[in-house]
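Morning, everyone. Please have the screen in view while I talk.

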Amino acid sequence: MGNETDSRLSQFRKGVVELAILALLHSGEAYGGEIVERLASHPGLAISAGTVYPLLSRLKKSGLIDSVWRESPVGPPRKYYRLSTEGGIEFAAMAKAWDGVTDAMDDLLGEGAAR
Amino acid sequence: MNPQEREAAGGLTPESAELVETYFARVHGALLVAAADECEETVDDLRAHVYEQLAGTAGTAADVTRILAELGPPEALAAQCADVVSGPAPSTPESRDGRSPLAGTLLGMPYELRVPTAERVAMRWWDPMNPNILVPRVFGLGWDLNLGAVAVKLCLIKPDDEDTPFESVPDRWLAVSAVLPVLMTLALVTLVALFQSALPAQVAVHWGISGAPDRFDSKESALILPVIMTLIGLAILGSAWLRRRPPLLRVAAGALAMLLCSISTAAYAQAVATAYGASDIGVLLPVMAAGLVLTFVMLVTLARIGRAAEMRRDLDGTSKKGSV
């Protein structure tokens with residue numbers, strides 16, 4: 001992959017990671033390591049711990065998610081993240097906007113490929 | 001206005017054209033302020049687009065106002081253009097402070113020429129959420145050490161153990177970060193009191209890589225640099241506490257004071273050792289290393305105390321151990 005393609009992809013990712021984290025937490029609460037791991041299992045997103053943790057901190061400061069320490073069945077307690085009420089509303093709005101974008105893009109990309 | 005635009009504006013009343021031109025003059029002004037002049041071309045295209053749209057109307061002032069209203073205020077439009085051209089602001093804490101020609105990379109090495117703020121310094125040196133151990137230097141060329149990333153790499157803490165570094169640490173523990181540098185200063189003062197009068201008139205003040213002293217000075221002058229460095233550290237520490245800065249800044253000031261004091265102590269102790277016949281720098285490096293390790297241990301301990309406080313807040317409310 002060329003350098004230029006790489007940087008273009010990273011521009012894409014930055015905008016998407018936030019939505020990806022909200023989507024992941026929408027399906028239930030999770031702790032930091034778990035969020036990193038589950039997002040890393042989607043190589044297309046190419047998200048690392050270095051992106052996830054600062055974003056979690058920012059989402060928490062803006063009130064879209066909150067965190068709580070919970071006992072873990074194995075090992076020491078873990079800090080779990082979950083969507084706040086406000087975060088749920090924001091997620092719904094962002095998901096809707098995203099659908100609009102993907103529909104439009106599918107359309108445009110489909111046109112190009114003459115499907 | 002260039003010739004094509006004058007032609008495009010031909011069908012408009014002078015008042016309408018004036019409105020459009022005033023609007024775009026403001027956009028250009030805002031772009032200059034944002035240092036985003038690479039957007040000028042985009043804005044010229046936009047202006048042509050506006051004239052095109054106006055061609056399909058009567059070209060009255062009301063039409064102009066309506067079409068321009070769709071574009072929004074000129075300043076917002078300029079900000080939007082600047083964003084598209086330079087890409088959205090990255091979300092990493094590193095680049096939070098925005099773009100500036102005073103910071104960037106030179107031949108692959110980061111440089112930073114903005115005057116460092118206490119916040120920026122503290123965030124670079126203790127940033128557990130950033131996995132990079134080497135971070136762009138707070139001021140100058142090269143890299144600094146991110147002790148937070150070192151602690152994470154050593155599995156001493158997790159990146160998100162504390163919501164905000166040291167924020168939940170109880171006051172009495174926070175005070176440790178101020179007491180330690182004061183104790184270290186007292187140790188230096190004791191060292192000077194014990195040895196200063198017994199030192200020869202000329203002492204070593206600088207050592208080569210081989211360990212042999214390569215610069216000598218009077219024993220009084222030899223004290224000047226250590227004293228100034230230690231006082232700078234204590235002044236930064238005192239100001240952070242007197243001005244009730246956030247915990248991260250107070251702890252960072254304490255860590256800085258400890259490092260400066262340990263460098264001063266190491267230099268003075270080495271001068272004493274050399275005067276007493278030491279032929280290597282077997283005192284300088286261990287004392288400096290001990291200062292760095294002690295500082296690191298203090299930071300990690302405070303981070304873990306902060307984590308414990310957060311846990312207590314969340315877990316005590318429900319139940320004690322294991323019953324969840």
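I'll go through the two chains, then the surface patches, then the salt bridges.

One thing first: this is a predicted model.

Let's start with chain A. It has 115 residues, and 36% of them are buried. Its secondary structure is four helices and three strands. Follow the sequence and you read α-β-α-α-β-β-α. The accessible surface is about 6,700 Å², and carbon and sulfur atoms hold 58% of that. Now the contacts in chain A with a separation of 6 or more. Of those, 47% are between residues 24 or more positions apart.

Now chain B. It has 324 residues, with 42% buried. Here we have twelve helices and seven strands. The accessible surface comes to about 17,400 Å², with 66% belonging to carbon and sulfur atoms. Take the contacts with a separation of 6 or more again. In chain B, residues 24 or more positions apart account for 59% of them.

Next, the surface patches. Which residues gather in a patch of negative charge? They are A:Asp99, A:Asp103, A:Asp106, A:Asp107 and A:Glu111. Pick out A:Asp107. You'll find A:Asp107 in helix 4 of chain A, residues 85–113. Is A:Asp107 buried or exposed? A:Asp107 has a relative accessible area of 53%, so it counts as exposed. The cut-off for exposed is over 50%.

While we are on helices, a general point. An α-helix has 3.6 residues a turn, so residues three or four places apart point the same way. Keep that in mind when you turn a helix on screen.

Chain B has a nonpolar patch on its surface. The members are B:Leu106, B:Leu107, B:Met109, B:Leu134, B:Leu141, B:Trp143 and B:Leu145. Together they have about 730 Å² of accessible area. Look at B:Leu145. B:Leu145 sits in strand 5 of chain B, residues 143–145. With a relative accessible area of 38%, B:Leu145 is partly exposed.

Strand 5 comes up again, this time as cover. Go to helix 6 of chain B, residues 118–125. Which residues are buried there? B:Arg120, B:Val121, B:Ala122 and B:Arg124 are. And what covers them? The cover includes strand 2 (109–112), strand 3 (134–136), strand 5 and helix 11 (247–275) of chain B.

One more stop in chain B: B:Leu294. This residue lies in helix 12, residues 284–315. B:Leu294 is partly exposed, at a relative accessible area of 37%. What does B:Leu294 touch, leaving out residues up to four places away in sequence? B:Met184 and B:Met258. Now compare positions along the chain. B:Leu294 and B:Ser262 are 32 residues apart in sequence, and their C-alpha atoms are separated by 9.7 Å.

Last topic: salt bridges. Side chains of opposite charge can pair when their charged atoms come close. Over all chains, the count is 14 salt bridges. I'll show three.

The first pair is B:Asp163 with A:Lys60. Their closest N and O atoms are 2.8 Å apart. Why does this pair join two chains? Because B:Asp163 is in the loop between helix 7 (147–153) and helix 8 (171–174) of chain B, while A:Lys60 is in helix 3 of chain A, residues 49–61. A:Lys60 is partly exposed, at 24% relative accessibility.

The next pair stays in chain A: A:Arg82 with A:Asp66. The closest N and O atoms are 3.1 Å apart. This pair links distant parts of the chain, 16 residues apart. A:Arg82 is in strand 3, residues 78–83, and A:Asp66 is in strand 2, residues 65–70. A:Arg82 counts as partly exposed at 33% relative accessibility. A:Asp66 is also partly exposed, with a relative accessible area of 28%.

Now a pair in chain B: B:Glu21 and B:Arg47. N to O, the distance is 2.8 Å. B:Glu21 is in helix 2 (residues 14–33) and B:Arg47 in helix 3 (residues 40–55), with their positions 26 residues apart in the chain. Are these two buried or exposed? Both B:Glu21 and B:Arg47 are buried.

One network to finish. Salt bridges with shared partners join A:Lys60, A:Lys79, B:Asp163 and B:Glu310. You have already met two of these, A:Lys60 and B:Asp163, as a pair.

That's my tour. Thanks for listening.

Notes
Residues are numbered from 1 along each chain as its sequence is written. Chains are lettered from A and ligands numbered from 1 in the order in which they are written. This is a predicted model: local features need pLDDT of at least 70, side-chain atom pairs count only at pLDDT 80 or more; totals for chains, interfaces and linings use all residues. Side-chain values use heavy atoms; hydrogens and water are left out. Patches are made of residues with over 30% relative accessible area and no salt bridge: like charges are joined within 9 Å, nonpolar side chains (Val, Leu, Ile, Met, Phe, Trp, Tyr) within 5 Å. Accessible areas come from the Shrake-Rupley method with a 1.4 Å probe; for residues, only the protein chains shown count as cover. A salt bridge is a side-chain nitrogen of Lys or Arg within 4 Å of a carboxyl oxygen of Asp or Glu. Lys and Arg count as positive and Asp and Glu as negative; His and the chain ends are not counted. The place of a charge is taken as NZ of Lys, CZ of Arg, CG of Asp or CD of Glu. Buried means under 20% relative accessible area, exposed over 50%, partly exposed in between (1.4 Å probe, protein chains only). Contact means heavy atoms within 4.5 Å.
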